[in-house]
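Subject: A structure for you to look at

Dear colleague,

I am passing on a structure that I would like you to open and turn about while you read the notes beneath it. Please keep the sequence beside you as you go.

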Amino acid sequence: GLRKDIWLHHILAVTAFMIVLTTGEFHEEATMLTSVECTCALPVAFGQAAKAKQLKGMRSMVLAFLMCSGFLLRVVLTARLTIPRVLQVLTSLVPFLRPGGGVH
């Protein structure tokens, strides 16, 4: 079976996708999380193609390109989702990181 963190990842991604579908609006964070989730299938596809000995010719090049692109997309989108929140937490915890150096 899947690890608990993977289940949580899937549940959050499906929830984000449902928000996008039910509201009819593409909320930036929900759309990014859904995009990240879509790239999860690429390593699985690669593994299945390798087991079936189907990694030949153009198929292998396309899959390699998609896996590299998908990884880059995951890194960028995850950073765009995570970094602002980490900075927000840090500036709330460490006063001198606030604009103005924590001086009120």
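A good place to begin is Q54, which has a relative accessibility of 38% and therefore counts as partly exposed, since that class lies between the limits of under 20% for buried and over 50% for exposed. Please bear in mind throughout that this is a predicted model. You will find Q54 in the loop between α3 and α4, where, leaving aside its neighbours within four places in sequence, Q54 is in contact with A49 and R59. By contrast, A13 is 41 residues away from Q54 along the chain, and the C-alpha atoms of the two are separated by 30 Å.

After that loop comes helix α4, which covers residues 57-93. Because each of its 37 residues is taken to add 1.5 Å, the helix should span 54 Å, and this agrees with the 54 Å that separates its end C-alpha atoms. Even so, α4 bends by about 30 degrees at A79.

Which residues of α4 are buried? They are L63, G70, L77 and L81, and the buried residues of this helix pack against α2 (28-38) and α3 (41-51).

The packing of α2 with α4 has an angle of about 145 degrees, with the axes 9 Å apart, and α2 passes α4 in a left-handed crossing. On the α2 side the contact includes M32, L33 and V36, while α4 contributes, among others, L73, L77 and L81. The residues of this contact divide into 6 nonpolar, 2 polar and 5 charged.

With best wishes

Terms used
Residues are numbered from 1 along each chain as its sequence is written. This is a predicted model: local features need pLDDT of at least 70, side-chain atom pairs count only at pLDDT 80 or more; totals for chains, interfaces and linings use all residues. Side-chain values use heavy atoms; hydrogens and water are left out. Helices (H or I, at least four residues) and strands (E, at least two) are DSSP runs, numbered from the N terminus. The expected span of a helix is 1.5 Å times one less than its number of residues. The bend at a residue is the angle between axes fitted to the seven residues ending there and the seven starting there. Buried means under 20% relative accessible area, exposed over 50%, partly exposed in between (1.4 Å probe, protein chains only). Contact means heavy atoms within 4.5 Å. Axes are lines fitted to C-alpha atoms, for helices over the stretch in contact, and angles run from 0 to 180 degrees between N-to-C directions. A crossing is left-handed if the near helix is turned anticlockwise from the far one by less than a right angle, and right-handed if clockwise. Ala, Val, Leu, Ile, Met, Phe, Trp, Tyr, Cys and Pro count as nonpolar, Asp, Glu, Lys and Arg as charged, and the others, Gly among them, as polar.
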